[in-house]
Amino acid sequence: MNRGIVLLSLLALAASSVQAQVYRSVDEQGNVTFTDQASSGGEEVNVKPVTTVTLPNAEDVRQLEAQQEKPSVDDQTPAKPYSRVGFDAPEDDTAFHSGNGDMTFAVSSQPALRNGHLFEVSLDGQPIGQNASGQFALQNVFRGTHNASVKVIDRDGRIVQSGQSITFTIHRPSVLNRNRNN
């Protein structure tokens, strides 16, 4: 007999025996009991398999984060290849009106981006995009004060260099104010 078929049959048998049956019964007082033992008056319950998620080892996560923080260095690239990585617009500590919440970030570097590098802009700690053009259009940004940051990443997603962070405030008309004027 083929060993593969035998092995497959044993695995199928082992997998089927792992799933236990669940039974539901109700006593004279109306108490409901669930058990893995069949009893008279008990009915079998179909239980959906439980989804489990295995979290990565904390040390592996720390090592990955440390690796991403290290600049990507090859023989021709200095540790800080850019003298400046920052925002051209909006300016730091500014406030502006945007009725619909639309805005554009403009970022640049000195010298210009190297081949294989991208700008990555984050708004309030959440990445909003990556590109080499340095223009990031956003729609419907909520009113209030926000923080934005920029970094340069390589084609593997590793941080080459962190850049400037800015704070800005968007003013938007309130629905409450519109109703007062009508």
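Two strands are said to pair if DSSP finds at least two bridges between them, and in this predicted model that criterion applies to the hairpin of β7 and β8, which has 2 residues between the strands and in which D124 takes a positive phi near 55 degrees. The points below follow β7 and its partners, and then turn to the largest nonpolar core, to which β7 (118-123) is one of the strands supplying at least two residues.

**Strand β7 and its pairing**

- Strand β7 is mostly covered, since 5 of its 6 residues are buried.
- With strand β8, which spans residues 126-131, β7 pairs in the antiparallel sense over 5 bridges, and within this pairing F119 of the one strand stands opposite N131 in β8.
- With β10, the pairing of β7 is likewise antiparallel and runs over 6 bridges, and here L118 stands opposite I153 in β10.

**The largest nonpolar core**

- The largest nonpolar core holds 19 residues, of which F87, F105 and F168 touch the most other members.
- At least two residues of this core come from each of β4 (84-89), β6 (103-110), β7 (118-123), β9 (135-138), β10 (144-153) and β11 (159-171), and β11 gives the most, with 4 residues.

**The surroundings of F87**

- When its neighbours within four places in sequence are left aside, F87 is in contact with F105, A106 and V107, with V121, with A148, S149 and V150, and with Q164 and I166.
- Among these contacts of F87 is F105, and both F87 and F105 belong, together with F168, to the residues that touch the most other members of the core.

Notes
Residues numbered from 1 in each chain as written. Predicted model: local features only at pLDDT ≥ 70, side-chain atom pairs only at ≥ 80, totals over all residues. Heavy atoms only, no water. Core = buried A, V, L, I, M, F, W, Y, C linked by side-chain atoms within 4.5 Å. Buried < 20%, exposed > 50% of the residue type's maximum accessible area, 1.4 Å probe, protein only. Contact = heavy atoms within 4.5 Å.
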